[in-house]
Each structure stands twice: as structure tokens, then as C-alpha cells.
Amino acid sequence: MKSLLFYCRAGFEKDLGNEILDKSSALQIYGYPQFKANQGYIVFHCHQAEQAEILLGKLKFSKLIFARQMFMCSELLDDLDPQDRISTLLNSSDALPLCGDLRVEYSDTSEGRELSKFCRKFSVPLRQALRKQQKLTAKPTDQKPVLHVFFPDGASAYIGCSLSTNNSPQPLGILRLKFPSKAPSRSTLKLDEAFQVFIAKEQQALRLAPGLQAVDLGACPGGWTYQLVARGMFVQAVDNGAMDEGLMETGQVSYFAADGFKYEPKKKNVYWLVCDMIEQPQRVAKLMAQWVAKKWCTEAIFNLKLPMKRRYESLGEAFDIIEQVMCDSSCRYEIQAKHLYHDREEITVHLRLI
């Protein structure tokens, strides 16, 4: 196997391809991405076959921005016999190690989702056949690699594997969340997902604890403030628009009609800063970095709205600004970024003092 397959949001294939080119080149592993627009995935072909396995181990999934999932894969198996797809997949599984779990998936597109029912049903006999051929453990285990079968359509498939310690544990790489009925906007799901993606479960009780002080810049109508309030925090909500009345009635929200770029916290005990303002990504990046560098907050989660053209390049410019601000202040920091499932033309970033 000489290729890796990555899932992404449809329309972001080029951005993901550029990211993987940069990351792989930094590891001195060279190849090229192959994709079609809006197909929801890319295949990265390594020039040297043996480097695919090396890339699978060295490319840190948690550090990838646009990828929802990644695994090492076979060449495309096309013209599958609709009466006997399993035989072709079994023949192509010879190069795979013993795996501890099976995922049969499809792209997150309108066409791909039409295969969801088929994939669920097909996984049952395929799992049995793989166990019989000793390519899958009798019981699921996270101590072994994950075996992937990905169907671009009903007549073709990729088969491969990922490392259970270096992949997404979610089906299709998507964290599904339920919209809370009392939240004032669907944007609330962005911050909920960000908390779950960026903060380890064992640290959430401490870093998302009730009683913490938070600031929400560009808060109205309160989608992100809702997530903070729901966790028992006290919020300075900053915006010139109107806040949701239900949030204001909690007694946990102080409203300030002000420009988010000029606002300074009333108290210097703010732990969280969150921001979902519609503004140039470089400008937002600088503001967020300044808050953290001045120690006006300890952690920040914010969205960078990317232009339709030069999305990946624009993101790089924003990260350069953050790095410059933090270095000028001699701050030790940690940064994470992800194109979350609930994001659209934006990237969610987590910046933290360490």
C-alpha cells in the first residue's frame, strides 16, 4: 500500500491536499494528492510505497486541521461485482495486519449518504468473513489497528487500516451533537464540539468548571454564551446586538454593548475567552493572541472566517500573526485548530497559556 485516504468536508479537498503536502514534506515524505471537487475525501499517493506506513505513524491526526479521518489504503478497487464484493475485498486484505475493529463508510455528501444503509448492512457479512480469514479479532479491541472499507460509490471501494491511537474514533470522523432546545442559535454546537475536541475528557471537570469567569466577544444572540452558562460559568457578553432573554434571566450573564475589538475585561480573573465574530481572520487572530499574551485570559476558543479563495494561505497568515504576538511577549503556549463538523467556511482555534 502506498497511499493514505483522508475524509474532509465537501469543497475543502484542495485545502486538505495543501495541508497534507506541507505536513508530509516536513517529514521528508513526498507524494501528491488526488481528488475531485466536492467529493469529500482525498487520496495522497506516496512516491515510495514503503513511506505510506511511515507517514501513517508520523502524521499526527490531532494536528491536522481539515482532515476528519485518515487511514492507509489500497489502490481503488473498481468494478466490484455487486453479487460478491466480499471476495475482492478479502483478496485485497492480505497486506493488512490483524485488526481490532471494522468501519465501513462513505463520504459525507448527498451522494455518499445514499450508501449509508448499504454500508450498515454490508458490514455484518464482511465482518464475519474477515474474522474467518483472521484479519479481524473475534471481539472489538482498541489494542489493534482499525480496518477501514470506504465506498466512493456502490461499485468501487478502498480497503486499508488506521492506528487506533492516531485516528478519529467517530464514525465518518464526525462528532454528532444534539441541539439544545433552549439555545438561541445553532452556532452553540460549534463551541460544544470545540470543547469536546480540544479538551481531554479527564481535564474537562477542571478547565470547564462551574464558577469560572468567561468573556464572549460578539456574543449576540448568545449561542456560545449558552455553552458557558450551561457549564455554570459567569459570562461577560460583549456585542451591540440584543442577547437572548432566557440567558440574561439566569443571572450568570453581564451584558456590555461595546465593540469586541475595543473591549477590556472588567475583572482580570477571566479564564475563558470565546469569539465567533464575523471579521477578517488575521484581525481576529491578532486580537485573540493579544488577550492571551496580556494574560487577560488563560484559554481562548475562536473562529477564523476564511475567504473563499486562499483559505489555506489565509489560515497560515493568521497563525503567523499569533506566533509573532506570543513570541514578542515571551509566552509559552499551545495551539490547536480544526475544521469542525459544525463549522462552515471557518476554522475553530484553541489557544492556551502553558
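Which helices and strand each supply at least two residues of the lining of the largest pocket? In this predicted model, they are α6 (188-198), α7 (201-207) and β13 (333-338).

**View 1. Lining of the largest pocket.** The pocket encloses about 900 Å³ of space. Its lining comprises 30 residues, and those that lie nearest the centre of the pocket are Ser62, Pro169, Gln196, Val197 and Phe198. By residue class, the lining of the largest pocket consists of 12 nonpolar, 11 polar and seven charged residues. Helices α6 and α7 and strand β13 each contribute at least two of these lining residues.

**View 2. The single cavity of 30 Å³ or more.** One cavity of 30 Å³ or more is present in the structure. The largest cavity holds about 40 Å³ of space. Tyr7, Cys8, Gly40, Arg68, Tyr106, Ser107, Asp108 and Leu172 form its lining. Four residues of this lining are nonpolar, two are polar and two are charged.

**View 3. The seven-stranded open sheet.** Seven strands form an open sheet with mixed pairing, in the order β2-β3-β1-β4-β7-β6-β5. The edges are occupied by β2 (31-34) and β5 (101-106); each has a single partner strand, so one side of each is left without a neighbour in the sheet. On average, and with direction ignored, neighbouring strands of this sheet are turned by 30 degrees against each other.

**View 4. Pairing of β6 with β7.** Strand β6 (residues 146-153) pairs with strand β7 (residues 156-162) in the antiparallel sense, over six bridges. Within this pairing, Val146 has Ser162 of β7 as its bridge partner.

**View 5. Helix α2 against the sheet.** Helix α2 (residues 51-58) packs on the sheet and touches β1 (3-7), β3 (41-46), β4 (69-73) and β7. The direction of helix α2 makes about 160 degrees with that of β4.

**View 6. Helix α5 over β5 and β6.** Helix α5 (residues 116-132) lies across β5 and β6. Relative to β5, helix α5 runs at about 150 degrees.

**View 7. The whole chain, for orientation of the close-ups.** The protein contains 11 helices and 14 strands. Its radius of gyration is 22 Å, close to the 20 Å that the globule rule gives for 354 residues, so the protein is as compact as a globular protein of that length. The C-alpha trace spans about 65 × 40 × 35 Å along the principal axes of the protein.

Terms used: Residues are numbered from 1 along each chain as its sequence is written. This is a predicted model: local features need pLDDT of at least 70, side-chain atom pairs count only at pLDDT 80 or more; totals for chains, interfaces and linings use all residues. Side-chain values use heavy atoms; hydrogens and water are left out. On a 1 Å grid over the protein atoms alone, a cavity is a set of points where a 1.4 Å probe fits but cannot get out, and a pocket is an open set with protein on both sides within 12 Å along at least five of seven lines; lining residues have an atom within 4 Å of a point. Grid points are joined across faces, edges and corners, and a volume is the space filled by probe spheres set on the points. Ala, Val, Leu, Ile, Met, Phe, Trp, Tyr, Cys and Pro count as nonpolar, Asp, Glu, Lys and Arg as charged, and the others, Gly among them, as polar. Two strands pair if DSSP finds at least two bridges between them. Helices (H or I, at least four residues) and strands (E, at least two) are DSSP runs, numbered from the N terminus. Axes are lines fitted to C-alpha atoms, for helices over the stretch in contact, and angles run from 0 to 180 degrees between N-to-C directions. Contact means heavy atoms within 4.5 Å. The radius of gyration is taken over C-alpha atoms; the globule rule is 2.2 Å times the number of residues to the power 0.38.
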